[in-house]
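User: I would like a close look at one part of this model. Please keep it brisk and spell out the terms.

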Amino acid sequence: MKKTIYNKFDKKLISSLPRVLFEGRIITILTAGETDKAVDYLLSMPILGIDTETRPSFKRGITHKVALLQVSTFDTCFLFRLNHTDLTPALIRLLEDKNVPKIGLSLNDDIHSLQGRRLFKPGYFIDLQKHVNEIGIEDMSLQKLYANLIGQRISKSQQLSNWENDILQEKQKRYAATDAWACIMLYEELVRLKTTGDYTLMKVTE
């Protein structure tokens, strides 16, 4: 039976779906020296999910630099605390790498934020927004896309937490890791659907 997907997913339905949470290893990187081995490991993988987090600003005219870069494999996610390490030469090597696909969502925003710390030439990045558009999905948020394509709910409860805290809470780490890892899951499902044609697109009128 073909999978039914929607051009626009009803946000009211998301709360009824089972919650998904990254259950793999999470490794927090706090010093510049630790980034070298971490990047070597990540660049030995076939595919990576990527995302960033920035401390929210609740005052007009005040913005903060990106504080966290999360890069995930299928079972391990590295959290690079950029407010401690900045963008090291190793991290620049990761971001400029042209061999390993790095999957993300709204990547122009992430890349722009990262370049606010240090300039680099973006390597091999794949933006999920382009791929979902190709099969007729109009939603662009990670939460709606995951609900639509995977049938599970990603919690956004930690989105506005302080990503510059001295110590990240466990729920912050899981949230950040889930967002990066989920990009891999979405990409693999999108590739499967586009290859097999095993889906029916339902158009929802507002």
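What is the relative accessibility of His131, and does this residue count as buried or exposed? Please go on from there to the helix that packs against its helix.

Analyst: This is a predicted model, where local features need pLDDT of at least 70, side-chain atom pairs count only at pLDDT 80 or more, and totals for chains, interfaces and linings use all residues. Residues are numbered from 1 along each chain as its sequence is written, and side-chain values use heavy atoms, with hydrogens and water left out.

Start with His131. Its relative accessibility is 16%, so it counts as buried. Buried means under 20% relative accessible area, exposed means over 50%, and partly exposed lies in between (1.4 Å probe, protein chains only).

His131 sits in helix 5. Helices here are DSSP runs of H or I with at least four residues, strands are runs of E with at least two, and both are numbered from the N terminus. Which residues does His131 contact, leaving aside neighbours within four places in sequence? They are Ile126, Tyr187, Leu190 and Lys194. A contact means heavy atoms within 4.5 Å.

Now move to helix 6. It covers residues 142-149, and 7 of its 8 residues are buried. Among them are Leu142, Leu145, Tyr146 and Leu149. Gln143, Ala147 and Asn148 are buried too. What do these buried residues pack against? Their partners are strand 1 (3-6), helix 5 (128-134) and helix 7 (170-196). So His131 belongs to one of the partners, since helix 5 is its home.

Next comes the stretch after helix 6. Ile150 lies in the loop between helix 6 and helix 7. Its relative accessibility is 29%, so Ile150 counts as partly exposed. Not counting residues up to four places away in sequence, Ile150 touches Leu145, Met185, Leu186 and Glu189. Leu145 is one of the buried residues of helix 6. Ile150 and Ile5 are 145 residues apart along the chain, yet their C-alpha atoms are separated by 9.6 Å. Gly151 also follows helix 6, and its phi is positive, near 80°.

To recap, His131 is buried at 16% relative accessibility. Helix 6 is mostly covered, and helix 5 is one of the elements that its buried residues pack against.
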